[in-house]
Amino acid sequence: MKRIKLRPSKRLVQILSVIVLLVVVSALIELSSLFITLLLCIPLLIACVDCYFSRFAHNVSIELSTNQNMALYRWQPIKLLLKNKAKQVLRADISIHLTNALELAEAVKSIELETNQQAELSYSMRAHKRGDADISAVELRITSAFGLWQSNWLATHRTQLKVYPDFSRVTSKQHLNGVTNKPINGLKLTKKRGDGIEFHQLREYRQGDSVRQIDWQATSKRRKLISREYQEEQNQHVIVMLDASKKMAIEAKEGSHFDHALNALLLLSHTVLKQGDWFSMQSFNQNVRWLPGVKGAQNVSRVMNHFYDLYPDQSSSDYVVAVNQLIAKRSKRSLVLLVTTLDEQSIDELLPAIKLLQKHHLVALININNRSVSEVLKEPIQKYEDATSYCAALSLLNTHKKNMAKLRKEGVIAIDCNPEQLLPHVLNTYLNVKHSGAL
């Protein structure tokens, strides 16, 4: 441990105050100078001796343990085990040094340990920012033997932490309402029980099976009707293009548009990989990240670790550059989910990029609505400024509807949703495309 600070305790300050008062009183009643000198020197000598011995490090062992993976905004326990190996009593205030992204529910805890006694302290910690964080040290403010001084000692205990999105809130029943494979524009569902693209297994005939499903060779061997069962084609490829521009930094009820998008898309990857399909993801703008195709539910952690610390930058969206980058990496036909927030200027920049992307892929645009527009439309009109704001918001809404209709005419699966309902919309889009056999 390293000493970083020394300060007088409250006890020393109180004693010195009493001594000064006594000296003043002694001088007023004209006591002997020898008495006054002893009154000053004896306490000061004791204070100096106490200060001298407080400079030596206290023999104490410290063990810190916590889960290195954290969920955003969720309280997580930290266990701190201390054992006093010194011959004197340990009286200390204990605090933990954290990065700015972390906070403690109770910053300081006090203990008093006899020789060879140990104690376990429990703290609660939470993070308010995704990404990497760390615990750097444990600080002990130890009171000296006579209680006249307090020395601050720093024990380095570096622990690296990873802060992930809090999926418990996103996967709640409220957020998953609507994931029911409901049809979406531009896709005709042809999936029926037992039908599909890839052979799965043989099973006994069930009422409602098509005659084409009957395996006559297996039926003759087993002397009962046997049907072929098919499953949806696996090995399809889903690519997510996530806008990481300043438009995605718009604040919603629980985080920004980007936070909602990242939460939903990481959970989408879990569904895609469990279905046996391939998953890729690209963020675009100044901070470009590309995750090549992964497959298998065991690789969900790869997707999460690749994007958990990503934040939008302050640049504007450049869709054409992003599309060219994607086509250079993956030109074989896939389902591309382009997740962004559109404004009135976006369509002129987006449409050429969409047409270029459609030459290679099936494109679905997921637009996250800016709630400020709908909030203005809900506000009562009481004065001229309110009416002006209402008309401007209505004009933006009508323009946006025309732009979305224009995209649908171009064969784009175009979906509008609020940030809180992004997860069911991206899941429905993927599942409907998969069931329809559009790829």
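**Reading strands, a helix and cores in a predicted model**

Modeller: This is a predicted model. Begin with strand β2, residues 60-65, where the side chains alternate: V60, I62 and L64 point to one face and are buried, while S61, E63 and S65 point to the other and are not.

Biologist: With which strand does β2 pair, and in what sense?

Modeller: The partner of β2 is strand β4, residues 76-84, and the two pair in the antiparallel sense over six bridges. To see the register, take S61, which stands opposite K83 in β4.

Biologist: In what order do the strands of the sheet come?

Modeller: The sheet is open and has four strands, in the order β2-β4-β8-β6, with antiparallel pairing. At the edges stand β2 and β6 (102-104); each has a single partner strand, so one side of each lacks a neighbour in the sheet. From one strand to the next the twist averages 30°.

Biologist: How many bridges join β4 to β8, and how many join β6 to β8?

Modeller: Between β4 and β8 there are eight bridges, and these strands run antiparallel. K83 of the earlier pair has Q118 as its bridge partner in β8. β6 is joined to β8, residues 118-127, by three bridges, again antiparallel. Two pairs show this register: E103 has R126 as its partner in β8, and L104 has M125.

Biologist: Which residues of β8 lie on its covered face, and which on its uncovered one?

Modeller: A119, L121, Y123, M125 and A127 make up the covered face of β8, whereas Q118, E120, S122, S124 and R126 make up the uncovered one.

Biologist: Take L121 in strand β8. Is L121 buried or exposed?

Modeller: A residue counts as buried under 20% relative accessible area. L121 has 10%, so it is buried. Setting aside neighbours within four places in sequence, L121 is in contact with I78, K79, L80, L82, I94, K109 and I111. Distance in sequence and distance in space are separate readings: L121 and E63 are 58 residues apart in sequence and 10 Å apart in space, C-alpha to C-alpha.

Biologist: Now a helix. What does α12 reach from its first C-alpha to its last?

Modeller: The general idea comes first. An α-helix has 3.6 residues a turn, so residues three or four places apart point the same way. Here, α12 has 15 residues and reaches 21 Å from first C-alpha to last, close to the 21 Å expected at 1.5 Å a residue. Of its 15 residues, 14 are buried, so α12 is largely enclosed by the rest of the structure. Just after the helix, G437 takes a positive phi of about 70°.

Biologist: T429 is placed in α12, residues 422-436. What does its side chain reach?

Modeller: The side chain of T429 reaches the backbone oxygen of H425 at 2.7 Å. T429 is buried, with a relative accessible area of 0%.

Biologist: How should I read a nonpolar core, and which residues have the most contacts inside the largest one?

Modeller: In soluble globular proteins, nonpolar side chains tend to be buried together. The largest nonpolar core here has 41 residues, and L242, L268 and F279 have the most contacts inside it. Helix α6, residues 257-274, gives the largest share of this core, 10 residues. A second, separate core has 30 residues, including I62, A92, I96 and I111.

Biologist: Which residues does F279 touch?

Modeller: Not counting residues up to four places away in sequence, F279 touches H237, V238, V240, L265, L268, S269, V272, L273, P292, G293, V294 and V303.

Definitions and conventions. Residues numbered from 1 in each chain as written. Predicted model: local features only at pLDDT ≥ 70, side-chain atom pairs only at ≥ 80, totals over all residues. Heavy atoms only, no water. Buried < 20%, exposed > 50% of the residue type's maximum accessible area, 1.4 Å probe, protein only. Pairing = 2+ DSSP bridges. Polar contact = N/O pair within 3.5 Å; in protein donor to acceptor, adjacent residues only side chain to side chain. Expected span 1.5 Å × (residues − 1). Axes fitted to C-alpha atoms, helices over the stretch in contact; angles between N-to-C directions. Contact = heavy atoms within 4.5 Å. Core = buried A, V, L, I, M, F, W, Y, C linked by side-chain atoms within 4.5 Å.
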